[in-house]
Amino acid sequence: YVLCDVRHLGKEKILKALPKIRHTGLLFENIDLVEQPVPIRPTAHYSMGGIEVVKIDDMSTKIPGVYVGGEASCISIHGANRLGGNSLTDAMVTGYLAGVGATNYAKDAKFGNGENASKLAKQWQDKFKDVTSGGTTEEMYKLREELGRQNWDNMGIFRTQDKLDLLAKNLEEIQAKYDQLKVPNSNPIMNTAFTDYVELGNLILLSRCACLAAQNRLESRGAHTREDYPKRDDVKFLKHSIVTLKDNKLELGYKDVVITEFSLDGRKPA
């Protein structure tokens with residue numbers, strides 16, 4: 001956290017120049033920045049890595065009929081640290097390729113009789129009934145805050161093996177608590193509590209994936225900075241970490257990075 005203090009501007013200037021920021025502080029933290037500093041903290045700017053792409057020409061994945069683009073994809077455009085301008089490539093190029101790929105697939109795809117879709121829908125309907133049968137949203141949001149704290153403290157910018165191992169253990173405990181969560185809203189329409197519940201589950205799963213990959217990458221590369229392994233190790237780790245969910249367990253694998261016209265020798269500090 002960082003404290004942002006604007007009290008030196010004076011009450012009248014704050015009310016005139018920063019009314020929306022003052023309102024946000026009151027709304028989310030119950031803090032009036034006219035009277036006291038408001039806490040702020042960094043948030044995610046963009047994503048690096050993503051779903052493995054099998055063929056860059058159409059952005060297809062290992063799952064037939066699933067095409068991925070933008071920051072949800074991983075096709076080695078960015079390397080281990082994305083440059084700001086590369087967002088145009090994500091938005092304009094990979095999105096276009098994925099759209100064309102999906103269109104071409106759909107032309108000849110056999111969609112079946114809907115049996116699998118009905119089965120999946122029934123599973124989610126049953127899950128919705130179970131999860132929305134009681135509990136409190138307060139417990140869920142506390143768990144989400146705890147997840148954020150654990151990731152920030154133990155898998156933030158600077159990492160060590162001890163911190164990552166501790167995080168892995170704590171994520172198991174968070175997962176166990178999540179599995180017991182209930183939310184009190186059983187309304188099937190615009191149920192934001194259930195939406196937040198599903199999103200929290202996804203965040204926990206992705207945190208476990210990132211932690212597993214970070215635990216086993218014994219080097220520093222891009223945004224992955226290990227205080228106990230400060231050097232980049234191209235011999236052992238010039239490869240993507242691929243985490244797969246199989247039989248409800250995470251498995252870690254690797255995929256070699258393909259070097260084209262830009263050699264590794266060119267990546268030297270100025």
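## Close-up views of a predicted model

M190 is exposed, with a relative accessible area of 72%. That residue opens a set of legends for a predicted model.

**Figure 1. M190 sits in a loop between two helices.** The loop runs between helix 6 (161-179) and helix 7 (192-216). M190 has a positive phi of about 50 degrees. M190 is not a glycine. Is M190 buried or exposed? Its relative accessible area is 72%, so M190 counts as exposed.

**Figure 2. D247 also has a positive phi, near 55 degrees.** D247 is a residue other than glycine. Where is D247? D247 lies in the loop between strand 7 (239-246) and strand 8 (249-256). D247 is exposed because its relative accessibility is 70%, and the cut-off for exposed is over 50%.

**Figure 3. The whole protein, for orientation.** The secondary structure comes to eight helices and eight strands. The C-alpha atoms fill a box of roughly 60 × 60 × 40 Å, taken along the principal axes. The protein has 270 residues, and buried residues make up 28% of them. About 18600 Å² is exposed, with carbon and sulfur atoms supplying 56% of that area. Take the contacts with a separation of 6 or more: residues 24 or more positions apart account for 56% of them. The protein carries 37 positive and 36 negative charges. How far apart are the mean positions of these charges? They are 1 Å apart.

**Figure 4. E52 forms salt bridges with K62 and with K255.** E52 belongs to strand 3 (residues 51-52). With a relative accessible area of 18%, E52 is buried. The side chains of E52 and K62 meet at 3.5 Å, N to O. This pair links distant parts of the chain, with K62 in the loop between strand 3 and strand 4, ten residues from E52. K62 is at 62% relative accessibility and therefore counts as exposed. In the bridge from K255 to E52, the closest N and O atoms are 3.5 Å apart. How many residues separate K255 and E52 along the chain? The answer is 203, with K255 in strand 8 and E52 in strand 3. K255 counts as partly exposed, at 32% relative accessibility.

**Figure 5. S76 and E52 have C-alpha atoms separated by 9.8 Å.** The two residues are 24 residues apart along the chain. S76 lies in the loop between strand 4 (73-74) and helix 3. S76 has 42% relative accessibility, so S76 counts as partly exposed. E52, by contrast, is buried.

**Figure 6. K122 and D126 form a salt bridge within helix 4.** The closest N and O atoms of the pair are 2.9 Å apart. Helix 4 covers residues 115-131. Why are K122 and D126 separated by about one helical turn? They are four residues apart in helix 4. K122 is partly exposed, with a relative accessible area of 45%. D126 is partly exposed, with a relative accessible area of 36%.

**Figure 7. Salt bridges that share partners form one network.** Which residues are joined in the network? They are R217, E219, R221, R232 and D234. In total, the structure holds 14 salt bridges.

**Figure 8. Q215 is a buried residue of helix 7.** Its relative accessible area is 16%. That value puts Q215 among the buried residues, because the cut-off is under 20%. What does Q215 touch, not counting residues up to four places away in sequence? Its contacts are Q161, L164, D165, A168 and R226.

**Figure 9. L88, M92 and V93 form a nonpolar patch on the surface.** Together, the three residues have about 320 Å² of accessible area. L88 is placed in helix 3 (residues 87-108). Is L88 buried or exposed? L88 counts as exposed, at 58% relative accessibility.

Key
Residues are numbered from 1 along each chain as its sequence is written. This is a predicted model: local features need pLDDT of at least 70, side-chain atom pairs count only at pLDDT 80 or more; totals for chains, interfaces and linings use all residues. Side-chain values use heavy atoms; hydrogens and water are left out. Patches are made of residues with over 30% relative accessible area and no salt bridge: like charges are joined within 9 Å, nonpolar side chains (Val, Leu, Ile, Met, Phe, Trp, Tyr) within 5 Å. Accessible areas come from the Shrake-Rupley method with a 1.4 Å probe; for residues, only the protein chains shown count as cover. A salt bridge is a side-chain nitrogen of Lys or Arg within 4 Å of a carboxyl oxygen of Asp or Glu. Buried means under 20% relative accessible area, exposed over 50%, partly exposed in between (1.4 Å probe, protein chains only). Contact means heavy atoms within 4.5 Å. Lys and Arg count as positive and Asp and Glu as negative; His and the chain ends are not counted. The place of a charge is taken as NZ of Lys, CZ of Arg, CG of Asp or CD of Glu.
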